[in-house]
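Welcome! Take a moment to turn the model around on your screen, and then let us walk through it together.

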Amino acid sequence: MWAAASVAMAWGFYRVGQTNHEKSAKTLAERRLRFQMAPFLQAEADLEYLVRERDIHDKQKFIMQDVPGWKRGQSHYYGDRWTAPRVSDLDPNFK
């Protein structure tokens, strides 16, 4: 009786170990796929950013066309360090 229980427990531990190996292999494969997709997703996000910025600058040019000395897309802040502007999906300038 004890032998049967020991064999069943050993089999259970073996299956748990095999399931853990399969799970970690699947997780590793998914992680590798995500790492491979990252440059394409970043390129797509960069393209969306550029289109959004162009639309904002075009609207800015139209609105400020009568203001002398105004340059399209010129930063209003002074400094040598470039920082990306915060872009939100709820940006009222982007429709």
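## A first look around

The accessible surface of the protein is about 9300 Å², and carbon and sulfur atoms account for 61% of it. Keep in mind as you read that this is a predicted model.

How many helices and strands does the protein have? Its secondary structure amounts to 1 helix and 0 strands. Of the 95 residues in the protein, 5% are buried.

Now for the aromatic rings. The structure contains 1 aromatic pair. Its members are Trp11 and Tyr14, whose ring centres lie 5.5 Å apart; the pair is called tilted because the ring planes meet at 35°, and tilted covers angles that are neither under 30 degrees nor over 60. Where do Trp11 and Tyr14 sit along the chain? Both belong to helix H1, which covers residues 2–63, and because they are 3 residues apart there, about one helical turn separates them.

Further along, you can look for a nonpolar patch on the surface. Leu33, Met37 and Leu41 make this patch, with an area of about 280 Å². Leu41 lies in helix H1, the helix that also holds Trp11 and Tyr14.

How open to the surroundings are some of these residues? The table sets out three of them.

| Residue | Relative accessible area | Class |
|---|---|---|
| Trp11 | 54% | exposed |
| Tyr14 | 43% | partly exposed |
| Leu41 | 48% | partly exposed |

Trp11 counts as exposed because its 54% is over the 50% cut-off.

Methods: Residues numbered from 1 in each chain as written. Predicted model: local features only at pLDDT ≥ 70, side-chain atom pairs only at ≥ 80, totals over all residues. Heavy atoms only, no water. Helix = DSSP H or I, 4+ residues; strand = E, 2+ residues; numbered from the N terminus. Buried < 20%, exposed > 50% of the residue type's maximum accessible area, 1.4 Å probe, protein only. Areas by Shrake-Rupley, 256 points an atom, 1.4 Å probe, with all protein chains shown as cover. Phe/Tyr/Trp six-rings, centres within 6.5 Å; stacked < 30°, edge-to-face > 60°. Patch = residues over 30% accessible without salt bridge, like charges linked within 9 Å, V, L, I, M, F, W, Y side chains within 5 Å. Salt bridge = Lys/Arg side-chain N within 4 Å of Asp/Glu carboxyl O.
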